[in-house]
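This report describes selected sheets and helix contacts of one chain. The sequence and structure are shown below.

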Amino acid sequence: MFVLFEEAGKFLAGRILSEADSSLQVELDSGKRVKLKAVNALLKFEKPAPAELLATGQKISEEIDLDLAWEFASEEEFSFADLARDYFSADPSKPASTGQQAAALFRLFEAPHYFRRAGKGRFRKAPAEILQQALAAIEKKKQVVAQITAWAEELAQGSCPAPVREQLYKILFKPDKNSPEYKAVVEASRAAHKAPLDLLQQAGAIASPYQFHWKRFLFENFPKGTAFPAVQAPPVKHALPLAAVQAFSIDDSNTTEIDDAISVQGLGSGTVTLGIHIAAPGLAVLPGSPIDLLGRARLSTVYMPGYKLTMLPDEVVQSYTLQEGRNCPALSLYVTLDEATLAIGETATKLEQVPIAANLRHDKLDAVFTEAFFETATATGAPPADVPWGIELSFLHRLARHLKAQREIVRGKPENFNRPDYNFSLDNPTSQEPEGNEKVSISIRKRGAPLDLIVAEAMILANSSWGEWLAEHGVPGIYRSQASLAPGVKVRMGTKALPHAGIGVKSYAWATSPLRRYTDLVNQWQIIACVTHGRTAALAAPFKPKDAELFSIISGFDGAYSAYNGFQAGIERYWTLKYLQQNGISELTATAFKENLVRADDLPLVLPAMGAQGLPRGAKLRIRLGEIDEITLDVSATVIERLDLVVDEASAEQVDEEDNESEIAAGPISIAVDLNEAPADAAGMPAQAA
């Protein structure tokens, strides 16, 4: 005697070895013995053999017309044997054959949209309206599967269907894995035995490498687009006194958001007053206002060669920027200094109208205000009389060097300015979004150039002074801190005034770029409360101690700022590789960096180099470049010559110092397409009986 039974959704048959009241011992064709509950025995039979019954039943089941079976089926609960008799037997009093009964069981089991299971081997037919809905859904799924197959064939043949192209970045980075577009890419990649990114490139889905990087960034960070809604900048309604200064800013020529300016009073009198003047949008843009919400959503300006996405709309920026020839609302820090010793005396913070006498541009003045210029001014006691702002800048340069030296005492070691900064310039006269094929120029600008040093030290002085001032008033701010310079100790953001070891100050609150960074705008609101309310500022400030909103801003800013900086680094690498191609550069001099990585000496480029493994850090090399991949931003190299015999200790030290801020060599792009997903033709379709 044999028995047919179901186990874990699979039908099995075997010979009954023994039978008790509630169980059976069954031997399968494989020789395996199983213990079966009696209630799970669906059909007992003497012939044919188990394997033959399964094969015959499966073959006959394929011939059963489900619509006809549904019509034949009883309105009440029924067994598979009942349906087999009604469907196959000409004589209703005679049962169907064993093979026919097995076929009915298999067909009923695999058609839950027609027949619902009501127990072991028992079923109830689905209501007519439910059946029609199910059949419509199945037909739709079949059409989707057919569409997936058609799209996959197009992709494999080198053509990208429009729906796949439209969802390219969603497919690659944040896919709905049930979408037909995603499944088509998976199916095509499997069929063509190609990586999804390679397949899509060859199918023309990616317009250009530059567009790939740009559109990916926009998809991940600006899914609703980069356009601003129409807003109007509110005027500053405060009655502000006019400052008795002539302030000037120092920025590059592309800067439109002029946040900061400087003034100097009292030169030659023995006591000098340094004014650090910051644009004051916080006087007009209030927390929760429409413009605030725009800044909160974007959190920072995004910079890239030849283009930028400003944190605030340009018309808003131009309302508060420190434009020359205007009296501009500003938050000013005044620092009284001994002209001879540069010792700091009193400080004062004011809200006022500041006359902006000039917007100086360092890319036009760096060649004038050089180290040699300031050394000559120091040696002769005065700069040339015919150089505008020469007297003020000479004093400010002396002050900046002094402030830097004071910070380095706290820091415990000098700041390293040996590596240069790089300026990227695109041949893009329209100033619109670059297309990626513009002619690019890369110029070197030494870190710590005199004008940069002047601005940097003035802003550090303002940010550290205001950070301490907020703490004295019991008003929370957004601070950057670093516990020590030990390896692995990172800069963190928080609401407490903690030391910043990397800069060498007691506290450091970003407050000098309120048009470009949202954290600075938040801190400006808090500082304005201190100016306006004095010792009761903690009660009036927009953000109170332990304010959850403040922590939310820090978290959001940290993520956005990191993403924006990562994009800037990546797109600058793209333009660096373009520069190599446009200028036919095949060899570079470089410095061994770590493991097999080297850093180009005259370009912002870190890359792996075969032959660099095991070389000492700081070793000088000549490398030959390999093939450039503009999508992955990869370029490899081979060491062809060692240029030094012994590593200069200072050079090796510089490499160690710069480890934490180095550019990272490119690598594989991580995409979210999983080729181990279920095949498209199985997606959502009924399982077949085994």
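Along strand 8 (residues 122-125), which side chains point to one face and are buried, and which point to the other and are not? The model is a predicted one. In strand 8, Phe123 and Lys125 are the buried residues that share one face, whereas Arg122 and Arg124 point to the other face and are not buried.

## The sheet around strand 8

Strand 8 belongs to an open sheet of 3 strands, arranged in the order 6-8-7 with antiparallel pairing. Strand 6 and strand 7 form the edges, each pairing on one side only. Helix 4 (residues 98-109) packs on this sheet and touches strand 6, strand 7 and strand 8. The direction of helix 4 makes about 55 degrees with that of strand 8.

On one side, strand 6 (residues 78-79) pairs with strand 8 in the antiparallel sense over 2 bridges, and Ser79 has Arg122 as its bridge partner in strand 8. Arg122 is one of the residues that are not buried. Strand 7 (residues 115-119) also pairs with strand 8 in the antiparallel sense, here over 4 bridges. In that pairing the partner of Arg117 is Phe123 of strand 8, a residue that points to the buried face. Strand 7 and strand 8 form a hairpin with 2 residues between the strands, where Gly121 takes a positive phi near 75 degrees.

## Gly99 in helix 4

Gly99 lies in helix 4, the helix that packs on the sheet of strands 6, 8 and 7. Gly99 has a relative accessible area of 11% and is buried, since the cut-off for burial is under 20%.

Leaving aside neighbours within four places in sequence, Gly99 is in contact with Leu53, Gly57 and Ile60. His193 is 94 residues from Gly99 along the chain, and the C-alpha atoms of these two residues are separated by 43 Å.

## Helix 14 and helix 15

Helix 15 (residues 390-411) consists of 22 residues and reaches 31 Å from its first C-alpha to its last, close to the 32 Å expected at 1.5 Å a residue. Gly412 follows helix 15 and has a positive phi, near 95 degrees.

The axis of helix 15 comes within 10 Å of that of helix 14 (residues 371-380), and the two cross at roughly 95 degrees. Helix 14 is therefore roughly perpendicular to helix 15. From helix 14, the contact involves Glu371, Phe373, Phe374 and Ala377; from helix 15, it involves Gly390, Leu393, Ser394, His397 and Arg401. By class, the residues of this contact comprise 4 nonpolar, 3 polar and 2 charged.

## Helix 10 and helix 19

Helix 10 (residues 209-221) and helix 19 (residues 548-582) have axes that come within 11 Å and cross at roughly 175 degrees. The two helices are therefore roughly antiparallel to each other.

Helix 10 contributes Pro209, Tyr210, His213, Trp214, Phe217 and Asn221 to the contact, and these meet Ala563, Tyr564, Phe567, Ile571, Tyr574 and Trp575 in helix 19. The contact divides into 10 nonpolar and 2 polar residues, with no charged residues.

## The barrel

A barrel is closed by 5 strands in the order 20-21-22-24-23, with mixed pairing. From one strand to the next, the twist averages 50 degrees. Helix 19 packs on this sheet, touching strand 20, strand 22, strand 23 and strand 24. The direction of helix 19 makes about 100 degrees with that of strand 23.

Several antiparallel pairings can be followed around the barrel. Strand 20 (residues 587-594) is joined to strand 23 (residues 620-629) by 5 bridges, and the two run antiparallel; Glu587 stands opposite Arg624 in strand 23. Strand 21 (residues 597-600) is linked to strand 22 (residues 606-610) by 3 bridges, again antiparallel, with Leu607 in strand 22 as the bridge partner of Val598. Strand 23 and strand 24 (residues 634-642) pair in the antiparallel sense over 7 bridges, and Leu625 stands opposite Ala637 in strand 24. These two strands form a hairpin with 4 residues between them, and Leu633 in the turn has a positive phi of about 60 degrees.

Conventions
Residues are numbered from 1 along each chain as its sequence is written. This is a predicted model: local features need pLDDT of at least 70, side-chain atom pairs count only at pLDDT 80 or more; totals for chains, interfaces and linings use all residues. Side-chain values use heavy atoms; hydrogens and water are left out. Axes are lines fitted to C-alpha atoms, for helices over the stretch in contact, and angles run from 0 to 180 degrees between N-to-C directions. Angles under 35 degrees count as roughly parallel, over 145 as roughly antiparallel, 65 to 115 as roughly perpendicular and the rest as oblique. Contact means heavy atoms within 4.5 Å. Ala, Val, Leu, Ile, Met, Phe, Trp, Tyr, Cys and Pro count as nonpolar, Asp, Glu, Lys and Arg as charged, and the others, Gly among them, as polar. Buried means under 20% relative accessible area, exposed over 50%, partly exposed in between (1.4 Å probe, protein chains only). Two strands pair if DSSP finds at least two bridges between them. The expected span of a helix is 1.5 Å times one less than its number of residues.
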